[in-house]
Amino acid sequence: MTSTLTISHLTKTFGRVNALSDVSLHVAPGERVALLGHNGAGKSTLMKVILGLIAADSGEISVCGAAPGSATARAKVAYLPENATFHSALTGLEQITYYLRLRGENTSGAMPLLDKVGLGHAAKRRIGTYSKGMRQRVGLAQTLIGHPDLLVLDEPTSGLDPVSRRDFYELLDGLAAEGAAILLSSHALTEVEARTDRLMILSGGQMVATGSLPELRREAALPVAMHITAINGYDADILGALPNAIRVGNALHLSCTQEDKLATLAQVSAFKDKVADIDVIPPSLEDIYSHFSRRDGQ
């Protein structure tokens, strides 16, 4: 399948600063990809290149089969900045109607768009009375105009409450199911861990890791933690058989490599009459992100 967004060996410098160094990536139709990285990692620069706001120094980029910033690309790409700003005197309905006119779309679609992002009840209120989360929903509504092939979202859930965040990702799921390619940046790692298909980690302008969460776990080879709750009186027996385990409160904790996970579980299962419960805790996305970004070493 042809990728909606394809970038090969992209480089961008600002004076002596290498904002992007040999970055390559692709996003396929219907794919939800999260772009992760600390402040200054190059995420904003990469998004600006994709949108055609700045030009790369070298490398190749195809946005919906066209050059970034071209009329063809602009017609097929939607962008939502982290802090969306709108005219405070306009109502939500007036603002979306205005954007529909700009895109040459039928203005009758304004209310359905606002309903889709949960703002139908406030459509005729002035945006100046909206909370930050509500303004973010206005921004999301405008990204949906024209059924874009590619959505570029910069911290899209900033200011949203937990329920609104859940609704937002359900909306993205629906758009992806319809074939839209989605590239979003986020610092909310627990959100994107479960709601994206693939993860990309930028660090110091370089793409240091890319893949699904299971793939990144295997590549990082970080230890797996296990928390064992013994039936009263049997914790000493388990400790004797698992010398790497330590007692923490009323539980026994141990860690092992990914390769030893099944063997360690087999050891624990041998004590099935002495174990009340066991929790297997794989490395979190935060652990994986820290491993690949190596921020402390830069």
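**Exercise 1. A hairpin**

Task: Find which residue of strand 12 stands opposite arginine 247. Then describe the turn between strand 11 and strand 12.

Solution:
- Step 1. Arginine 247 faces leucine 252 in strand 12.
- Step 2. Know the source: this is a predicted model, where local features need pLDDT of at least 70, side-chain atom pairs count only at pLDDT 80 or more, and totals for chains, interfaces and linings use all residues. Residues are numbered from 1 along each chain as its sequence is written, and side-chain values use heavy atoms, without hydrogens and water.
- Step 3. Know the terms. Strands are DSSP runs of E with at least two residues, helices are runs of H or I with at least four, and both are numbered from the N terminus. Two strands pair if DSSP finds at least two bridges between them.
- Step 4. Strand 11 pairs with strand 12 (residues 251–256) over three bridges, in the antiparallel sense. Isoleucine 246 stands opposite histidine 253 of strand 12.
- Step 5. Two residues separate strand 11 and strand 12 in this hairpin. Glycine 249 sits in the turn, with a positive phi of about 65 degrees.

**Exercise 2. The four-stranded sheet**

Task: In what order do the strands of the four-stranded sheet stand? Why is one side of strand 11 and of strand 13 left without a neighbour in the sheet?

Solution:
- Step 1. The order is 11-12-10-13, in an open sheet with antiparallel pairing.
- Step 2. Strand 11 (246–248) and strand 13 (275–281) are at the edges and have a single partner strand each, so one side of each has no neighbour in the sheet.
- Step 3. Neighbouring strands of this sheet are turned by 30 degrees against each other on average, direction ignored. Such angles use axes, lines fitted to C-alpha atoms (for helices over the stretch in contact), and run from 0 to 180 degrees between N-to-C directions.
- Step 4. Strand 10 joins strand 12 through five bridges, in the antiparallel sense. Here methionine 226 has leucine 254 of strand 12 as its bridge partner.

**Exercise 3. The six-stranded sheet**

Task: Which strands are the edge strands of the six-stranded sheet? Which helices lie across its strands?

Solution:
- Step 1. Six strands make an open sheet with mixed pairing, in the order 5-6-7-3-8-9.
- Step 2. Strand 5 (77–80) and strand 9 (206–211) are the edge strands, and each pairs on one side only.
- Step 3. The average turn between neighbouring strands of this sheet is 15 degrees, direction ignored.
- Step 4. Strand 3 (residues 32–36) and strand 7 (residues 181–185) run parallel and share four bridges. Arginine 32 stands opposite isoleucine 182 in strand 7.
- Step 5. Helix 1 (residues 43–51) lies across strands 3, 5, 6, 7 and 8, at about 150 degrees to strand 6. Helix 8 (residues 213–220) lies across strand 8 and strand 9, at about 115 degrees to strand 9.

**Exercise 4. Strand 1 and its partners**

Task: With which strands does strand 1 pair in the antiparallel sense?

Solution:
- Step 1. Strand 1 (residues 5–14) is joined to strand 4 (residues 58–63) by five bridges. Threonine 6 has serine 62 as its bridge partner in strand 4.
- Step 2. Strand 1 also pairs with strand 2 (residues 17–27), over seven bridges. Lysine 12 has leucine 20 as its partner in strand 2.
- Step 3. The hairpin of strand 1 and strand 2 has two residues between the strands. In this hairpin glycine 15 takes a positive phi near 65 degrees.

**Exercise 5. Positive phi without glycine**

Task: Where do histidine 9 and alanine 221 lie? Is alanine 221 buried, partly exposed or exposed?

Solution:
- Step 1. Histidine 9 is not a glycine, yet its phi is positive, about 50 degrees. It lies in strand 1.
- Step 2. Alanine 221 has a positive phi near 55 degrees. Its place is the loop between helix 8 and strand 10 (224–230).
- Step 3. Apply the cut-offs: buried is under 20% relative accessible area, exposed is over 50%, and partly exposed is in between (1.4 Å probe, protein chains only). Alanine 221 has 45% relative accessibility, so it is partly exposed.

**Exercise 6. The whole chain**

Task: How many helices and strands does the protein chain have? What share of its residues is buried?

Solution:
- Step 1. The protein chain has 11 helices and 13 strands.
- Step 2. Its C-alpha trace spans about 75 × 50 × 35 Å along the principal axes.
- Step 3. Of its 298 residues, 44% count as buried.
- Step 4. Take contacts (heavy atoms within 4.5 Å). Among contacts with a separation of 6 or more, 69% link residues 24 or more positions apart.
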